[in-house]
Amino acid sequence: MSVQTSHMADDIARDFADRLLGWYDRSARVLPWRIAPNSGGVPDPYRIWLAEVMLQQTTVAAVAGYFARFTERWPTVADLAAADDADVMAAWAGLGYYARARNLLACTRAVVRDHGGIFPDSEAALRALPGIGDYTAASVAAIAFGRAAVVVDANIERVIARHRLIETPLPMAKREIRAALAPLVPTDRPGDFAQALMDLGATVCTPRSPACATCPLMTDCRARGRADIERLPVKPPKKAKPHRHGLAHWIERDAQVWLVRRPGKGMLGGMRALPGGDWSDARPSESGIVSVDHGFTHFDLTLTLVRRDAPPQGPDAAAEGRWWPIADLDAAGLPTLYRKLTDKMLERDA
Ligand code: SF4
């Protein structure tokens with residue numbers, strides 16, 4: 001690259017960042033984990049990290065209540081590291097992707113044990129912590145520590161794929177999107193730059209009917225005005241998900257129901273649940289009292305509830321299970337699948 005070409009690229013990048021940051025200064029979303037632009041506030045890495053972990057695969061609206069409860073109960077990384085695993089799993093119930101809750105605890109404990117309770121401030125050191133992947137390391141490095149990291153979430157992917165008219169299907173397009181974004185990241189305000197792109201994708205460059213007329217990037221956006229704008233970024237062809245079936249057991253005694261804790265590893269690992277058998281491709285031969293359908297990332301499940309008279313016998317079974325008052329099932333921290341099933345059962349009995 002000649003010196004002149006390099007200056008031109010710098011000017012283009014500066015202009016892009018200035019337009020975007022100017023828009024952000026006027027239009028930033030108010031979020032509980034965020035420091036408002038130009039407020040002079042100092043971001044708390046613990047809150048930034050917690051929000052980023054909660055927001056993976058989930059919406060801001062779904063996360064807000066969980067974030068408030070977590071930070072009230074465990075206001076610092078040391079508080080969360082010292083929490084009881086079962087309390088954290090129960091508080092996480094309903095957010096899904098339960099491996100993230102286990103990693104959340106492992107991460108806080110690594111921060112306390114290996115870093116004196118202070119989150120490391122580089123992308124590489126953050127990525128070395130349990131449960132922190134490329135995206136979370138980059139976003140925490142940028143937002144909490146002002147590092148010029150390249151942050152690419154689904155909103156940012158959409159904005160850049162449209163602005164640059166990248167028609168390669170995902171996930172192959174990720175490399176192109178990253179390469180297009182990297183030279184645009186400013187060394188001043190990289191955290192606001194990342195959050196501005198996230199906000200633009202969430203509020204202006206939306207999947208359906210983007211509001212191009214109000215977009216700060218419209219003057220040089222290559223997709224603007226195209227009839228097929230909603231097609232971008234191009235999604236990979238959908239694979240049919242396998243369908244599995246399973247039985248859950250409703251064992252009731254004296255207004256209580258028998259609940260177990262699922263094994264630590266595997267689906268819904270470590271979560272409280274109704275007992276039951278494995279999930280498989282075969283439809284169960286028993287017809288149940290009620291059943292629910294639930295979509296996991298890689299398969300759909302029909303879970304059918306059947307009555308059993310007594311909990312399984314044996315020392316392991318006793319250690320894993322306990323009677324729980326039916327009137328207090330809300331406090332059991334059941335994951336969404338089992339909440340749906342118990343709700344349906346109780347509606348039926350009402
Ligand atoms: S001009 Fe339209 S398509 Fe282009 S980035 Fe803005 S909102 Fe998205």
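Ring pairs join Tyr46, Trp49 and Phe119 into a cluster. This cluster belongs to a predicted model, and a search of the whole structure finds 10 aromatic pairs. One of them is formed by tryptophan 33 and phenylalanine 67, whose rings meet edge-to-face, with 5.1 Å from centre to centre and 70 degrees between the planes. This pair brings together distant parts of the chain, since its two members are 34 residues apart. Tryptophan 33 belongs to the loop between α1 (3-27) and α2 (45-55), while phenylalanine 67 is found in helix α3 (residues 60-73).

Are these two partners buried or exposed? Tryptophan 33 has a relative accessibility of 8%, so it counts as buried. Phenylalanine 67 also counts as buried, because its relative accessibility is 1%. For a reader new to these values, the cut-off is helpful: buried means under 20% relative accessible area.

Aromatic rings also meet charged side chains in this model. Arginine 69 lies over the face of tyrosine 66, at 4.9 Å from the ring centre. A further example involves arginine 244, whose charged end sits over the ring of phenylalanine 299 at 4.3 Å from the centre of that ring.

Turning to the ligand, where does it sit? The ligand is placed in the largest cavity. Around the ligand are Arg162, Cys205, Cys212, Cys215, Met218, Cys221 and Ile229. Sorted by class, this shell contains 6 nonpolar residues, 1 charged residue and no polar residues.

Key:
Residues numbered from 1 in each chain as written. Predicted model: local features only at pLDDT ≥ 70, side-chain atom pairs only at ≥ 80, totals over all residues. Heavy atoms only, no water. Phe/Tyr/Trp six-rings, centres within 6.5 Å; stacked < 30°, edge-to-face > 60°. Helix = DSSP H or I, 4+ residues; strand = E, 2+ residues; numbered from the N terminus. Buried < 20%, exposed > 50% of the residue type's maximum accessible area, 1.4 Å probe, protein only. Lys NZ or Arg CZ within 6 Å of the ring centre and 35° of its normal. Near = heavy atom within 4 Å. 1 Å grid on protein atoms, 1.4 Å probe; cavity = no way out; pocket = protein on both sides within 12 Å on 5 of 7 lines; lining within 4 Å. Sits in = over half its atoms within 2 Å of the grid points. Nonpolar A, V, L, I, M, F, W, Y, C, P; charged D, E, K, R; others polar.
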